[in-house]
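User: Hi! I'm new to reading protein models and would love to walk through one with you. Could we go through it one question at a time?

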Amino acid sequence: MELATAAVRDLAGAVHGAVLRAGDEGYDEACRLWNAGAGGRRPLVVVRCADAADVATAIRYAARHELELSVRSTGHNVTGRAVSDGGVTVDLSGLRDVRVDPGRRLASVQPGVLWGELDARTQEAGLATTGGRISTTGVAGLTLGGGFGWLMRRHGLAADNLLAADVVTADGTGMRAAEDCEPGLFWALRGGGGNFGVVTSLEFRLHPVGPVVTGGAVFYAAEQAARVLRWYRDFLAGAPDDLSVQCNLLRLPPAPFVPPELRGRPAVALAVCHLGTVERAGRDLAALRELGEPLLRRLGPMRYTSLQRLYDMAGRFGSFVYGRSGYLPELTDAAVDALTAPGCAVPGAGSIVMISPLGGAVARVGELDTAVGHRGAAVSCSVDAVWQRPGAAAAHVAWADRVWAGLRPHCSGAYVNELGDEGPERVREAYHPVAWQRLRVLKTHYDPGNVFRLNQNIPPAAGNAGSRTVSPPAGDAGSRKP
Ligand SMILES: Cc1cc2nc3c(=O)[nH]c(=O)nc-3n(C[C@H](O)[C@H](O)[C@H](O)COP(=O)(O)OP(=O)(O)OC[C@H]3O[C@@H](n4cnc5c(N)ncnc54)[C@H](O)[C@@H]3O)c2cc1C
């Protein structure tokens, strides 16, 4: 420990930001995780980075002292792997620069920035890029894993709009990755998660969006769930790219917009974002009438930035969360039956089954053009048990496992950003088999020692016991398109 103390002093002298240890102001905040159930991790040091040089220093320090390294942007990942227990946590929350170039429709963003902050800046120019469906998640982890959001059927995933990234790799080298430099790394960053380096800046393509869109939700009684789900499937098949609708099984929240007598009632919600004119949205959503009278309808024109904040309360920090998720190639009758089977009713406030649409621009990107897999699926599906009291896990986990057991036979694959602690096979299922082999080759090139392993891990191809050896491409893997 004495040695560690001296070494930590050296580290503090070497960085422009701050080095925090237990007891220091800011340390506990840096250890906070969105999922309380993953909490309690205590890094030996947190390096609150002020720039990319600090990131490199932290990586080299961890290597020199053989300490585990984790990378934290906003701590939203359900597994909590953004924070190391006993090692070094690279905290990027202080990297908060945003630059918007309205003329060229570009935004350059650092990883401590939240989607709501980026949207607020880009919407000043009537622009936006696909970001998460709430405003408080960060730009980095979400984009590196793929990035689902309200705009994706029109404009592609967050990763599809990534034009370049500044990265510090496992040996502390800083480099830019884009189509024309380090294209292999650039390919891997779009879907490969945090496996290839620490991203210190992301450059996004922007699109004209809003500022007014049609958003909100229509809620139906849970008894109608099977009928609504089947209607949703058929409706989605003909929906325009401007329309994104989620179909969620939940309980009505204790929110001001919900009449007291409906709060806590099991329901099925269609959550809507339409990017076209109010008139066109009205036409495209007219078919909702086929479903009859809803319990509650909160749908209308609103600013895109308001839509982005509508569900923030549901995503607030500090609940206990356990989830399972995958893709549904089709929302078949059998899948609907599984979702609405006895015993699957959502048990409490906050827990949710979310069916989210893919299609549109997502499906038009080639399966191997980025590392993101399963682009051809009709929808993604996640089952999230959420509770507030420590010690109440058993019943909530049992519910999620029960729903998932029924649904799993109808699912394929996994979305890395939503995976829990589910083991290496599930990580592999997130990718097309060819993409998986390429990712492992690129991992071997950029991170042969698996420095970046606190994530949904893609192991290096060589020297990994039990895994199939894949030859790295001739020459510099980073300078070839995989
Ligand atoms: C409330 C809530 C809402 C969500 N909504 C959506 C949504 O709408 N769409 C969607 O696609 N996903 C969504 N997610 C999932 C989200 O994409 C993942 O949790 C993602 O991992 C969060 O990344 P982060 O950087 O915010 O979190 P962190 O927990 O800080 O990071 C997660 C992991 O990402 C990697 N990472 C983070 N930053 C960097 C970086 N700068 N460089 C390299 N690696 C990095 C690291 O491996 C790290 O362990 C949501 C999650 C929550 C909790």
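User: Let's start with D91: the side chain of which residue does its side chain join in a polar contact of 2.8 Å?

Analyst: First, a heads-up: this is a predicted model, where local features need pLDDT of at least 70 and side-chain atom pairs count only at pLDDT 80 or more, while totals for chains, interfaces and linings use all residues. Residues are numbered from 1 along each chain as its sequence is written, and side-chain values use heavy atoms, with hydrogens and water left out. A polar contact is a pair of N or O atoms within 3.5 Å; within protein, one must be able to donate a hydrogen and the other to accept it, and residues adjacent in sequence count only if both atoms are side-chain atoms. By that rule, the side chain of D91 has a polar contact of 2.8 Å with the side chain of S93.

User: Is D91 buried or exposed?

Analyst: D91 sits in strand β4; strands (E, at least two residues) and helices (H or I, at least four) are DSSP runs, numbered from the N terminus. Buried means under 20% relative accessible area, exposed over 50%, and partly exposed in between (1.4 Å probe, protein chains only). With a relative accessibility of 0%, D91 counts as buried.

User: And what is the relative accessible area of N77?

Analyst: N77 is in the loop between β3 and β4. Its side chain makes a polar contact of 2.6 Å with the side chain of T79. N77 is classed as partly exposed, because its relative accessible area is 28%.

User: Now the ligand: which residues come nearest to it?

Analyst: A residue is near a molecule if one of its heavy atoms lies within 4 Å of it. There are 32 residues around the ligand, and the nearest are S73, T74, G75, R133 and Y415.

User: How much of the ligand's accessible area does the protein cover?

Analyst: Look at the polar atoms beside it: an N or O atom in the side chain of T74 is 2.5 Å from a ligand oxygen, and a polar backbone atom of G75 is 2.7 Å from an oxygen atom of the ligand. Y415 also has a polar side-chain atom 2.5 Å from an oxygen atom of the ligand. Accessible areas come from the Shrake-Rupley method with a 1.4 Å probe; for residues, only the protein chains shown count as cover. Of the 940 Å² that the ligand has on its own, the protein covers 92%.

User: Which element gives the largest share of the shell around the ligand?

Analyst: β3 (69-72), α5 (139-145) and β10 (198-205) each supply at least two residues of the shell. The largest share is 4 residues, and it comes from α5.

User: Which strands stand at the edges of the open sheet β5-β6-β10-β8-β9?

Analyst: Strands pair if DSSP finds at least two bridges between them, and the pairing in this sheet of 5 strands is antiparallel. Inside it, β8 (residues 162-168) and β10 pair over 6 bridges, with D166 having S201 in β10 as its bridge partner. Two strands each have a single partner, so one side of each is left without a neighbour in the sheet; they are β5 (98-101) and β9 (174-178).

User: Last one: how many of the 9 residues of β13 are buried?

Analyst: β13 (residues 243-251) runs antiparallel to β14 (residues 266-274), joined by 9 bridges, and C247 stands opposite L270 in β14. Another 3 bridges join β13 to β17 (residues 352-357), also antiparallel. β13 is largely enclosed by the rest of the structure, because the number of its 9 residues that are buried is 8.
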